[in-house]
Amino acid sequence: MWTEEIVAGRPAWRHTPSGVVFRKVPGGSFRMGLSDAELDAVRAIERSGGVEDTVEPFLAGAEDAQPVREVRVEPFLIARHPLTVAQVRHWLPEYEDDYAETDTGTARLEDDLEDLLKLLPFQVPSEAQWEYAARAGTTTLTFRGDGKPGEDQLLDDFGDEARTAAGENAFGLAAMGSANELCADVWIPGFAGAPADARARTGDGPRTVRGGAADLYPWQGCDEWLLLLSATRYEHAQFTAVRPVAPLPPRQVTQGRPSRSTAPV
């Protein structure tokens, strides 16, 4: 089921039936949530004149991503980028996408979402797994630092291998924050009482999503860059992208040749 290979100079595990490439995320602990330092960084962007509209609603809703707490995450596999239209068609051959311009673009699912989730041999990440993967060892607004992220950080199509590789974080993951990605957790404002490990919070109601800055492109000057932040979270509505996770594969994995192809993965 798995082929181990090198993709863009990094180890990767390809799910052989579907071709979806996964990266191994190492285990560790991190501070999950929107920290005071990150809030100060947003305010610094505002003071510097980098805000197009207003960040007040974001600041007022900061408690939705607090309190910050230490979370332990076990190693896991996560897809290098959200599933593309072509990849979704491995499980849903008749899938049509109203948002993507090409088959290598991020698939955004609405009516087909539950069908895909039933057919996938994987899960979607917990919020803790997603944020840990997005931060990739950093404590800043994005993995690139505390500067204001721009439209150049958006990545929504993976047909250009060089651009995909250039957009990866330290864990080899691309487009974290670009599309709104579904998490396993039910939407609960704030992290009061949340577990100290990476388990998802379950229950009835809408799930939580992370990211979404490319969903609003071209930006209208309403500070859509805030959706690129590692800690931004909100309630799922309408369409969503899917970036699956999986347990680490058995050690007896087929060794593939290093991938030097420019084909999308």
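Let me begin with a definition: on a 1 Å grid over the protein atoms alone, a pocket is an open set of points with protein on both sides within 12 Å along at least five of seven lines, a cavity is a set of points where a 1.4 Å probe fits but cannot get out, and lining residues have an atom within 4 Å of a point. What I am showing is a predicted model, in which local features need pLDDT of at least 70 and side-chain atom pairs count only at pLDDT 80 or more, while totals for chains, interfaces and linings use all residues. Residues are numbered from 1 along each chain as its sequence is written, and side-chain values use heavy atoms, with hydrogens and water left out.

I will take the open spaces to start with. The second largest pocket is lined by 18 residues, and those that lie nearest its centre are Pro-57, Phe-58, Gly-61, Thr-232 and Arg-233. Two elements, helix H2 (56-60) and strand E9 (233-235), give two or more residues each to that lining; here helices (H or I, at least four residues) and strands (E, at least two) are DSSP runs numbered from the N terminus. The space in this pocket comes to about 280 Å³, where a volume is the space filled by probe spheres set on the grid points, and the points are joined across faces, edges and corners. Its lining has 12 nonpolar, two polar and four charged residues, if we count Ala, Val, Leu, Ile, Met, Phe, Trp, Tyr, Cys and Pro as nonpolar, Asp, Glu, Lys and Arg as charged, and the others, Gly among them, as polar.

The largest pocket holds about 400 Å³, and of its 17 lining residues Tyr-99, Arg-108, Asp-156, Ala-214 and Tyr-217 lie nearest the centre. By class, that lining has seven nonpolar, three polar and seven charged residues. Tyr-217 comes up again in the backbone, since the peptide bond from Tyr-217 to Pro-218 is cis, with omega near 0 degrees, and Pro-218 sits in the loop between E8 and E9.

And how many cavities of 30 Å³ or more does the structure hold? There is one, with about 50 Å³ of space, and its lining has five nonpolar, no polar and five charged residues. Among the residues lining this cavity are Glu-127, Ala-128, Asp-185 and Ala-194. Glu-127 and Ala-128 also belong to helix H5 (residues 127-135), where they are buried; in fact nine of the nine residues of H5 are buried, so the helix is largely enclosed by the rest of the structure. Buried, throughout this talk, means under 20% relative accessible area, exposed means over 50%, and partly exposed is in between (1.4 Å probe, protein chains only). After H5 comes Ala-136, whose phi is positive, near 50 degrees.

Turning to the strands, E7, E8 and E9 form an open sheet in the order E7-E8-E9, with antiparallel pairing, and two strands are said to pair if DSSP finds at least two bridges between them. E7 (181-186) and E9 are the edge strands, each pairing on one side only. Within this sheet, E7 and E8 (residues 207-210) pair over three bridges, and Leu-182 has Val-209 in E8 as its bridge partner.

Elsewhere, E2 and E3 form a hairpin with five residues between them, and Gly-19 in the turn has a positive phi of about 80 degrees. Trp-13 has Phe-22 in E3 as its bridge partner. E3 (residues 21-25) also pairs with E6 (residues 76-79), in the antiparallel sense over four bridges, and Arg-23 stands opposite Ile-78 in E6. Four of the five residues of E3 are buried, so this strand is largely enclosed by the rest of the structure.

Arg-14, in strand E2 (residues 10-15), counts as buried because its relative accessibility is 18%, and its side chain is joined to that of Glu-5 by a polar contact of 3.0 Å, that is, a pair of N or O atoms within 3.5 Å, where within protein one must be able to donate a hydrogen and the other to accept it, and residues adjacent in sequence count only if both atoms are side-chain atoms.

I will finish with two backbone details. Asp-223 and Gln-238 are not glycines, yet phi is positive in both, at about 60 degrees for Asp-223 and about 65 degrees for Gln-238. Asp-223, in the loop between E8 and E9, is buried at 3% relative accessibility, whereas Gln-238, in the loop between E9 and strand E10 (245-246), is exposed at 63%.
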